[in-house]
Amino acid sequence: MKVIIIGNGLAGVTVASNLVSLDPSVEVEIFSEENYPYYSRVKLVDFMMGTISKEDLIVFEEFWYEARDITLHLQSRVIEVIPKKKKIIVEDVTDPKKTEEHDFDKLVIASGSKPIIPKSALEESSTKKTILEPVHRDKKGWHVLRTIDDAIEIREHLKQAQRVNILGSGLLGLEIADKFRTGNNTLDTTIIEIEPIVAPAYLDKKGSFVLSNLLERAGVKILIDTRVTECTGEEHIEGCRLSDKTIQKGDIILFACGIKPNVDFLVDSGIEMIETPDYEIEADEVIGQEFTRSILVNEHMQTNFDDIYAVGDCCEFDGFMYGINPAAIEQAKHCAYNIIQPGGETMDYKGTIPIVTFHGFDTELASIGRVNEYTIGQAEMEEIFSYFKVDLTLGEYKKIFIKDEKLIGAILIGNISLQMEIRRMILEKINVSEFADKILEENFNLRDYL
Ligand SMILES: Cc1cc2nc3c(=O)[nH]c(=O)nc-3n(C[C@H](O)[C@H](O)[C@H](O)COP(=O)(O)OP(=O)(O)OC[C@H]3O[C@@H](n4cnc5c(N)ncnc54)[C@H](O)[C@@H]3O)c2cc1C
């Protein structure tokens, strides 16, 4: 059996390594548009700051693939998938005129995701020319951080930079801001967030308030509830204009406003996708419309074609596009198992409990499970019971969310030592009605109540 994998990120390599350990006779080929064997995206921020080398980033060198008989095609971009013919078309990144066809028995799409660039900051709009001056990615100082090559560009530019504007206060925005504020050469750092709270995907209002205090104490300027409408400067970025027309100076603008699946090459393939329109609205006018698409998969990680699977950031399962490592790993393991079907068995993927942890600004943060309106529907919110503790002086916040006598999520800021027990209570759906009010106490131990 020949399995082709599109993408050599965490999801792709995990599928590959599981396939060959379940069945060494399976033929595995990976196609990657990048020019590096598998490296860790989690360490990219350290690499960008120059605290680790390129070699430290690489997780699997070429010999890892050779030892497992896995063929890795680098700089090979898949431009088309033809499900009915079980073929892919691959373009040579160094010479796009060169293309090749490859056949598969099974195909795994692990094409990951790409950074979201708000349309207003990307290009001229036909309806709002006066506000949205054209801004091009080739302006010096315009950056995203997704790949080694992105990190190399930023690293180069940081040598002359003094002021940085980070768009987005998610995990990546926070991590970058932390690195810019610590060490010897700190930079004047501002986080610009379109939502009215920081880290809106992981926190609630109070948690966001506690975190904002910690960020401000560390010297990070935070601008919430505002958006960038224009980047100023000709060849070099000099700053950005905000929705209230003020200019926020800065020689670097770094987009950390979230991700969208890398699936453009599949739009005409017949592979079923979930399509959500993204609107950009300025003064009640729609100024741009794009779509976020993600590949729909079932509990076996299969698409609407039985022999085509999808895993990692590019897919959506049961309404969730996770965008985190633990989900990519779990999905990849299930996918490999369901392709090989040892002893004729299959394994159902039941979803991943989203866990996000952050260490920086002399604090720690964990957001586990469902904690805000992004994951708890409005009607459902009324059935949610919560307990919380807050200490602004110490910068501590703990909150748990309970539904039907079971924990569904938690936010921990300051001390996150409870995270493993919380994860267990959520995973095992433990009835907490007898001790819910004790969970946030200093010496809580789950074993005492089981
Ligand atoms: C800087 C940074 C820090 C992060 N930190 C954390 C963290 O602390 N914790 C956490 O849980 N998650 C973190 N993440 C997210 C995590 O890295 C992703 O969830 C994970 O990489 C998803 O793996 P993936 O294999 O699905 O996608 P990716 O890692 O994006 O890999 C997909 C690969 O497919 C390639 N590809 C795409 N299209 C094609 C095509 N048509 N042909 C050939 N190749 C193609 C891409 O170039 C890419 O190399 C971080 C991400 C970044 C960028």
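Start by selecting Ile79, which sits in strand S4. Keep in mind as you look around that this is a predicted model. Is Ile79 buried or partly exposed? Ile79 is partly exposed, because 14 other C-beta atoms lie within 10 Å, and a residue is called buried at 20 or more. Now add Asp264 to the selection: Ile79 and Asp264 are 185 residues apart along the chain, yet their C-alpha atoms are separated by 8.9 Å. Leaving out residues up to four places away in sequence, Ile79 touches Ile89, Glu91 and Phe265.

**Next stop: the ligand**

Strand S4, residues 76–82, is also a good route to the ligand, since S4 supplies at least two residues of the shell around the ligand. H1, helix H2 (44–48) and H8 each do so as well. Select the whole shell and you will have 33 residues on screen. The closest to the ligand are Gly7, Gly9, Ala11, Gly112 and Gly312. Try colouring the shell by class: 15 of its residues are nonpolar, 12 are polar and 6 are charged.

Now zoom out and colour by domain. The domain assignment gives domain 1 as 2–45 + 57–115 + 260–344, domain 2 as 119–257 and domain 3 as 355–449. Which domains does the ligand lie between? Domain 1 and domain 2 both give residues to the shell, so the ligand lies between them. For a sense of the layout, the C-alpha centres of domain 1 and domain 3 are 33 Å apart.

**A pair of helices**

Select helix H1 (residues 10–22) together with helix H8 (residues 325–340). Their axes come within 8 Å and cross at roughly 35°, and the crossing is right-handed. On the H1 side, show Leu10, Ala11, Thr14, Val15, Asn18, Leu19 and Leu22, which make the contact. On the H8 side, the partners include Ala328, Ile329, Ala332, Cys335, Ala336 and Ile340. Overall, the contact of H1 with H8 has 13 nonpolar, 4 polar and 1 charged residues. As you trace the two helices, one general point is handy: an α-helix has 3.6 residues a turn, so residues three or four places apart point the same way.

**Two neighbours in strand S2**

Move on to strand S2, residues 27–31, and pick Val28. Val28 is buried, because 24 other C-beta atoms lie within 10 Å. With residues up to four places away in sequence set aside, Val28 touches Val3, Ile5, Ala16, Leu19, Val20 and Ile70. Leu19 may look familiar, as Leu19 is also one of the H1 residues in contact with H8. For a long view, draw a distance from Val28 to Asn415: the two are 387 residues apart in sequence and 44 Å apart in space, C-alpha to C-alpha.

Now select Glu29, also found in strand S2. Glu29 is partly exposed, because 18 other C-beta atoms lie within 10 Å. Beyond its neighbours within four places in sequence, Glu29 is in contact with Ile4, Thr71 and His73. A distance from Glu29 to Val3 should read 6.5 Å, C-alpha to C-alpha, for two residues that are 26 apart in sequence.

**An enclosed helix**

Helix H6, residues 171–181, is the next selection. How many of its 11 residues are buried? The count is 9, so H6 is largely enclosed by the rest of the structure. The buried residues are Leu171, Leu172, Gly173, Leu174, Glu175, Ile176, Ala177, Asp178 and Phe180. Show what surrounds them and you will find H2, strand S10 (163–167), S11, strand S16 (252–255) and strand S22 (355–360) packing against them. Just after H6, stop at Gly183, where phi is positive at about 90°.

**Last stop: positive phi without glycine**

Gly183 is a glycine, but the final two residues are not. Ala199 has a positive phi of about 45° although it is not a glycine. Look for Ala199 in the loop between strand S11 (188–192) and helix H7 (205–217). Ala199 is buried, with 28 other C-beta atoms within 10 Å.

Finish at Met301, in the loop between strand S19 (285–296) and strand S20 (308–310). Phi of Met301 is positive too, near 70°. Met301 counts as buried, because it has 31 C-beta neighbours inside 10 Å.

Note on methods:
Residues are numbered from 1 along each chain as its sequence is written. This is a predicted model: local features need pLDDT of at least 70, side-chain atom pairs count only at pLDDT 80 or more; totals for chains, interfaces and linings use all residues. Domain bounds come from an automatic or database domain assignment. Axes are lines fitted to C-alpha atoms, for helices over the stretch in contact, and angles run from 0 to 180 degrees between N-to-C directions. Helices (H or I, at least four residues) and strands (E, at least two) are DSSP runs, numbered from the N terminus. A crossing is left-handed if the near helix is turned anticlockwise from the far one by less than a right angle, and right-handed if clockwise. Two residues are in contact if their C-beta atoms, placed from the backbone, lie within 7 Å. Ala, Val, Leu, Ile, Met, Phe, Trp, Tyr, Cys and Pro count as nonpolar, Asp, Glu, Lys and Arg as charged, and the others, Gly among them, as polar. A residue is near a molecule or strand if its C-beta atom, placed from the backbone, lies within 6 Å of it. A residue is buried if 20 or more other C-beta atoms lie within 10 Å of its own, exposed if 12 or fewer, and partly exposed in between; C-beta atoms are placed from the backbone.
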